[in-house]
Amino acid sequence: MSRQRLAGHAKETLMIKKIGFIGLGTMGQHMAANLLAAGFDLLVHDLAPEAVQRAVDAGARAADSIAQLGEASDAVILMLPNSPDVQSVIHGADGLLAHPPAQRLIIDMSTISPVVARQLGGELADRGVYFLDAPVSGGPVGAQSASLTIMAGGDVQAFDLAKPVLQAMGTTITHVGQSGAGQTLKLCNQLICGINIQAICEALALGRASGVDLDVMREVLMGGSAASWMLDKLGPSMIQRDAKAGFRIDLMLKDLKLVQELAFDLSVPLPATSLVATQYLDARVHGEGSNGNQALFAVYDRMANQVRY
Ligand code: NAD
C-alpha cells in the first residue's frame, strides 16, 4: 500500500484485538498488564527473558520472534529505551518493516528522537504502514494506574485507529500534530521536569542548611505558587534522600541529550537545560545513573558538603 493509499485505510479496518508488545520494562510491564485487563490478546517480546516470563504469568503469550509477533498481531506497541532500540526492531530481515501487523499500525510509546520518529514515519508510510509516535508522561505510577498522559504525533486516522488501545493505558490522550510532534512535546515535558527537580533540590539544600523542617516546607509550598507534580510526588523521597528509581538518571540524561540535539538543530539556546544536564552528568560520573531522577539531590549534597556519597 502506498503513502497515498494510507489515507482511506483506517475506515476499512476491523477493531484491534491482538496486540504485539515489545519492551516490558519499568513502564511496559504495567502498560501490558492494563491491555490484558482491558481484554486485548497480547503477544510479547523483550530481550530480558524474566520480563517476558512476568508478562506470560500475567496472561500474555511469548512471541517466537519479532517477525512472528508482527505477523500474528493487529497492531504493535513499542516501549523501548531509545532511538536505536526502536530502529532495531523495525529494520532488518526479522523486523516489523518486513513483517508488519495486520492493521498496519505501529505505536511507538518510547521516548526517542523526533527526527528519528519522523524518518521512521515516512519510511513506514512508504510501505503502507502507519507509525504513531506516542510517548507518555506519568511514570510507573501512571503506567500502573492506566492514567498516563499520551501525546501522539502522526496521521490522524492512525490516531483514531489507535485510540481504543491507548485508552486502556492512559487518561489524557491527545493528537498533537504530524509525525515527530509527540516526541517534541515529550522533550519539552522532560526539560520542564529536569529543571523543576533542580529547583526543588536548590530549595531543599537551602532549607536544610537553614535548619527548617523540610516536610513542613514542602507542605506549605504545595499550597502556593511553587506547587508542582515533582514537589508533590518526588518531594518526599528527596527530603528522605531516597534514591530508588522510578525514572532513572540515565534515562533523564538520554532525554536531555535529545532535547539539546533538537535545540542545536533549531538554533534555540536552552541555558537552564544545559546546566541541569551537566548536573545529571555529575551524578552519572559518581556512579548514580541507576538512581531515580529525584536523586539529583546527591549533587546538591556534594556541592554544599552536606553528605558524602
Ligand atoms: P526500561 O529500561 O525499564 O525497559 C525497557 C525494556 O526494553 C527492558 O525490559 C529491555 O530489556 C527492553 N529492550 C531493550 N532493547 C530491546 C530490544 N532491542 N528488543 C526488545 N526488548 C528490548 O525502560 P522504561 O523505564 O520502561 O522506559 C521505556 C521508555 O519509556 C523510555 O524511552 C523512557 O524514556 C520512557 N519513559 C519512562 C518513564 C519512567 O518513569 N520509567 C516515564 C515516561 C517515559
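1. Before the ligand site, a word on terms: a residue counts as near a molecule or strand if one of its heavy atoms lies within 4 Å of it. By that rule, 27 residues surround the ligand, and the closest are Thr 26, Met 27, Asp 46, Pro 81 and Lys 254.

2. Keep in mind that this is a predicted model, where local features need pLDDT of at least 70 and side-chain atom pairs count only at pLDDT 80 or more, while totals for chains, interfaces and linings use all residues. Residues are numbered from 1 along each chain as its sequence is written, and side-chain values use heavy atoms, with hydrogens and water left out.

3. Now the polar contacts to the ligand (pairs of N or O atoms within 3.5 Å). Asp 46 puts a polar side-chain atom 2.6 Å from a ligand oxygen. For Thr 26, an N or O atom of the side chain is 2.8 Å from an oxygen of the ligand, and for Arg 248 the corresponding value is 3.4 Å. On its own the ligand exposes 840 Å², and the protein buries 90% of that (accessible areas by the Shrake-Rupley method, 1.4 Å probe).

4. What is the shell around the ligand made of? It splits into 13 nonpolar, 9 polar and 5 charged residues, where Ala, Val, Leu, Ile, Met, Phe, Trp, Tyr, Cys and Pro count as nonpolar, Asp, Glu, Lys and Arg as charged, and the others, Gly among them, as polar.

5. Helices here are DSSP runs of H or I with at least four residues, strands are E runs of at least two, and both are numbered from the N terminus. α5 (83-90), α7 (139-144) and α13 (249-266) each supply at least two shell residues, with the largest share, 3 residues, coming from α5.

6. Domain 1 (3-177) and domain 2 (185-303) both give residues to the shell, so the ligand lies between them. The bounds come from an automatic or database domain assignment.

7. Strands β8 (residues 148-153) and β9 (residues 170-177) run parallel, joined by 6 bridges; pairing takes at least two DSSP bridges. Gly 153 stands opposite Gly 177 in β9. With helix α8 (residues 156-166), the two strands make a right-handed β-α-β unit, meaning that with the strands pointing away from the viewer the path from the first strand over the helix to the second runs clockwise.

8. Some backbone spots to look at. Most residues other than glycine have a negative phi, and most peptide bonds are trans. The bond from Ala 245 to Gly 246 is cis, with omega near 10 degrees, and Gly 246 is in the loop between α12 (235-239) and α13. Ala 146 has a positive phi, near 55 degrees, in the loop between α7 and β8.

Note on methods
A polar contact is a pair of N or O atoms within 3.5 Å; within protein, one must be able to donate a hydrogen and the other to accept it, and residues adjacent in sequence count only if both atoms are side-chain atoms.
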